[in-house]
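Q: Please take me through the nonpolar residues of this protein, with a close look at the core. I'm new to this, so keep it friendly.

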Amino acid sequence: MEDFLKNEDDLRLYVYSLYKPFGSSQGDVSVAGFYATLDGGYFALTENTTDILTSEKTNVTAPSIVCNTHDWDLVASANLVTPLYQKFLPRLTYISKARMAALRIMQTTVNNKEKYAAEAKAIIGWAGMILYDMFGPLPYPSDEQLLYWDEHPLEGEWIARPSSEDFLAYLEENLTEAIPFLPETQDTWGCLTKGAASMILLRVHLMQKDFVKAKAVAKSVYEMGKEGGGSTYELMKDYSKIFSIDNQRNSELILAIPCDGTKDYSPNQWYCAAMPGDYPHISTAAKGSNSHRMRWAFYDTYEKGDKRLNTIVAEYVNNKGKKVKRGDKNLENGALPFKYDQDPTTQGNFAKNDIPVFRYAEAILGYAEAINETEGVTDLAIHLVNLIRSRAGLSNIEEINGGEKVASPEAFREAILEERGHELYGEGVRHMDLVRMGKFVEYGKRGLSAYSLSKYNEDPRRAVFPIDPQMVIDSKGVIEQNEAYK
């Protein structure tokens with residue numbers, strides 16, 4: 001490795017290799033990414049445990065249906081847990097790989113090494129945030145252990161899982177070290193920046209329920225945007241344009257997964273996953289898989305006239321000229337949460353719309369929440385929420401029913417949660433939002449089918465998925481299973 005890290009190009013290539021887990025492929029184990037957009041990806045798996053997503057699938061062992069019921073187990077739920085163990089949990093190794101990369105880079109004398117080490121540290125936070133959301137705290141080695149194993153590659157040991165507090169503190173430490181050395185923009189689209197690392201840190205602070213720190217970080221990102229006096233970001237005027245086929249580097253995207261609809265290792269498949277087989281698409285080569293649905297109960301929480309409803313289809317005329325309405329086949333369990341617009345070049349279900357990871361709108365709403373939790377309902381917090389509502393064509397939040405939504409911090413907290421759901425559906429934040437606010441079980445059952453309700457497991461500890469039992473066995477119990485599955 002010492003012979004390799006001799007110049008800035010070497011450092012750049014080394015750090016690029018650490019981005020592998022963050023792709024959009026749903027393919028084989030070696031290339032599967034967190035941001036796959038079919039029902040086995042991070043967004044769909046977590047949001048199917050919430051009040052937002054369900055499916056039209058009749059196979060009760062499908063991941064979407066199993067996630068709806070919170071009733072997965074280690075045997076009968078193989079369609080869910082096998083991908084978790086083969087595609088997601090193994091990505092834990094990238095936390096160690098990224099930390100080792102940062103240590104090695106800082107040992108060099110290459111110019112600009114601080115920037116690349118910072119990027120590696122931010123990747124630790126990114127991977128750790130996703131894995132914590134899915135599995136809870138996971139083991140990570142100390143720097144001393146990493147350096148020793150680097151010198152003695154045939155040696156190793158199992159490491160016990162830390163507490164949630166320690167794991168999140170480790171992510172916080174790496175992100176806090178990284179942010180000062182990251183640029184506000186990167187030449188290569190999809191690489192981590194100061195704003196992106198700050199958004200990861202904001203989510204970590206929200207997971208910690210440290211709203212004082214969350215407020216400071218959210219404020220820093222807000223002030224990087226036009227609405228906060230900066231110039232790096234800006235709310236798009238048209239919500240739907242954020243997700244268009246030409247959305248690369250638009251002003252609202254803080255970080256996105258670049259997609260190329262011609263390659264099976266970098267597609268956006270969300271639209272076609274939501275599309276019924278009889279839905280008319282501009283591309284005759286497009287194929288729908290009839291999977292993602294927005295539960296009708298959640299759809300009904302949108303206010304009349306909300307422009308964000310333009311990205312969700314509640315009825316349509318199919319390719320045989322027949323009108324399909326709510327409750328009909330293909331719209332029985334929910335509306336079509338298309339989110340992205342049609343890609344006319346789609347082949348099969350591969351589209352090229354970039355996948356948002358962090359948006360400026362999320363920073364604004366996160367700032368409003370942190371202010372409410374630390375100061376109560378302030379004019380600034382109300383203004384921040386109204387920035388998002390105004391774009392959606394809605395009235396100011398304080399004007400609703402005589403101000404009931406801003407009457408207390410508790411009422412405003414609920415209003416912000418609802419606004420986050422409407423704004424950020426399908427973007428992987430609902431699960432962590434419901435867990436943070438103690439509503440994972442209560443909201444998770446909203447709008448479910450009779451079957452899913454009959455199977456619904458109300459154990460709040462199922463907010464995380466199980467650890468691979470083989471890992472527990474191989475470690476001789478050093479790695480403990482999550483409490484709900486012992």
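A: Let's start with the core and then turn to the surface. This is a predicted model, with residues numbered from 1 along each chain as its sequence is written. Local features need pLDDT of at least 70, side-chain atom pairs count only at pLDDT 80 or more, totals for chains, interfaces and linings use all residues, and side-chain values use heavy atoms, without hydrogens or water.

The largest nonpolar core has 140 residues (buried Ala, Val, Leu, Ile, Met, Phe, Trp, Tyr and Cys joined through side-chain atoms within 4.5 Å; buried means under 20% relative accessible area). Phe22, Tyr35, Trp126 and Phe135 touch the most other members. Helix α6, residues 113-135, gives the most to this core: 15 residues (helices are DSSP runs of H or I, at least four residues, numbered from the N terminus).

Now zoom in on Phe135. Skipping neighbours within four places in sequence, Phe135 is in contact (heavy atoms within 4.5 Å) with Leu84, Phe88, Leu89, Arg161, Val464, Phe465, Pro466, Ile467 and Asn482. There's also a second, separate core of five residues, including Phe440, Leu448, Tyr456 and Ala463.

In soluble globular proteins, nonpolar side chains tend to be buried together. Still, have a look at Phe4: with a relative accessible area of 32%, Phe4 is partly exposed (between the buried limit and exposed, which is over 50%, using a 1.4 Å probe and protein chains only). You'll find Phe4 in the segment before α1, which spans 8-16.

Notes: Helix = DSSP H or I, 4+ residues; strand = E, 2+ residues; numbered from the N terminus.
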